[in-house]
Amino acid sequence: MSTLDLPLVADDRDITGFRPIKALRHFRNLVADKEDTKQVFFIIEALKGRKIQRQIDAFLSTETARDFIRREDGLALADMLDDHARWAGCGPDSVAQNYIRFMKREGLTANGLVEESYAWRPREDRPADQAEWYLNRLRDTHDLFHILTGYGRDALGEAALLGFSYEQNHNLGVKFIAYAAARQIKKTTGTSAPLYLAIKEGRALGKAAVKLAHMDVEAVMREDIDAARMRMGIGKPVIYRECLAQLNAEGHAQEALALQEPQAA
């Protein structure tokens with residue numbers, strides 16, 4: 001069955017999702033065991049709110065979304081991103097080649113994040129609707145967001161990228177994790193680096209940019225990365241880079257890196 005034949009929102013989809021006490025419990029679980037990454041998904045689900053659902057509904061009503069669905073029904077987006085041979089003809093400064101270098105260096109695959117998400121909630125337990133396609137798109141392009149924004153996979157980079165993503169997608173759980181992560185980095189390192197300003201900068205950059213979840217992924221992959229950033233209004237994360245330099249100068253670089261959440265490859 002084509003995704004276009006599914007309802008926009010299934011009857012069994014919970015679109016309320018504002019349960020702060022539940023989110024706090026899962027955050028404490030994550031702090032206790034940073035490798036238990038499924039807690040992140042629980043937090044995001046518990047604090048998602050209604051605004052992101054309104055955004056999903058609005059985008060799914062467009063012909064652009066319907067065109068993406070038709071094109072992506074035949075090949076899962078994660079599979080397309082993981083098919084490095086598909087991008088062999090792209091130049092060395094293309095988004096695709098920057099993405100491939102990043103994924104190889106970090107030992108990641110797009111499907112690795114897919115499997116993490118299904119460890120939280122199995123595929124068969126998820127609502128069958130077009131909203132699921134949109135949410136999967138957000139998940140599958142996470143590491144592409146890293147490439148386009150310039151945020152690394154260090155703990156602060158992940159937190160600042162969540163700040164960026166919050167302004168793009170308005171999930172309160174994402175905002176909560178961004179600031180909670182900055183607080184945890186400061187507590188762990190004792191750094192005087194302006195971590196919260198880095199999150200604020202990420203939010204400002206996310207607000208100024210076009211919605212990356214609505215991009216034509218295949219076309220963007222073939223673009224020169226600087227041209228793609230300029231076209232989509234993605235600014236440079238200056239404060240984030242200054243924070244990394246300060247953490248390094250204070251001797252905290254390895255501690256900050258150790259807070260990075262692993263992905264199952």
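Trainee: What do the buried residues of α6 pack against in this predicted model?
Mentor: They pack against α5, α7, α9 (142-149), α13 (217-221) and α14 (225-231).

Trainee: Which residues of α6 are called buried, and why?
Mentor: Val95, Ala96, Gln97, Tyr99, Ile100, Phe102 and Met103. The word fits because buried means under 20% relative accessible area.

Trainee: How do you know how far α6 should reach?
Mentor: Helix α6 covers residues 95-106, so it has 12 residues, and the expected span takes 1.5 Å times one less than that number. That gives the expected 16 Å, and the helix reaches 16 Å from its first C-alpha to its last. Just after α6, Gly107 takes a positive phi of about 70 degrees.

Trainee: On to the second largest pocket: what makes it a pocket and not a cavity?
Mentor: A pocket is an open set of points, whereas in a cavity the probe cannot get out. About 580 Å³ of space lies in this one.

Trainee: Which residues lie nearest the centre of the second largest pocket?
Mentor: Tyr118, Arg123, Trp133, Asn136 and Arg139, out of 25 lining residues. Helix α8 gives the most to the lining, with 6 residues.

Trainee: How do the lining residues of that pocket divide?
Mentor: Into 11 nonpolar, 4 polar and 10 charged. Trp counts as nonpolar and Arg as charged, so Trp133 goes with the nonpolar group and Arg139 with the charged one.

Trainee: What is the pLDDT like along the chain?
Mentor: The chain averages 88, and 93% of the residues score at least 70. Over residues 259-265, though, the pLDDT is below 50. Where pLDDT is low, the predicted coordinates should not be read in detail.

Terms used: Residues numbered from 1 in each chain as written. Predicted model: local features only at pLDDT ≥ 70, side-chain atom pairs only at ≥ 80, totals over all residues. Heavy atoms only, no water. 1 Å grid on protein atoms, 1.4 Å probe; cavity = no way out; pocket = protein on both sides within 12 Å on 5 of 7 lines; lining within 4 Å. Points joined across faces, edges and corners; volume = space filled by probe spheres on them. Helix = DSSP H or I, 4+ residues; strand = E, 2+ residues; numbered from the N terminus. pLDDT = per-residue confidence, 0-100. Contact = heavy atoms within 4.5 Å. Buried < 20%, exposed > 50% of the residue type's maximum accessible area, 1.4 Å probe, protein only.
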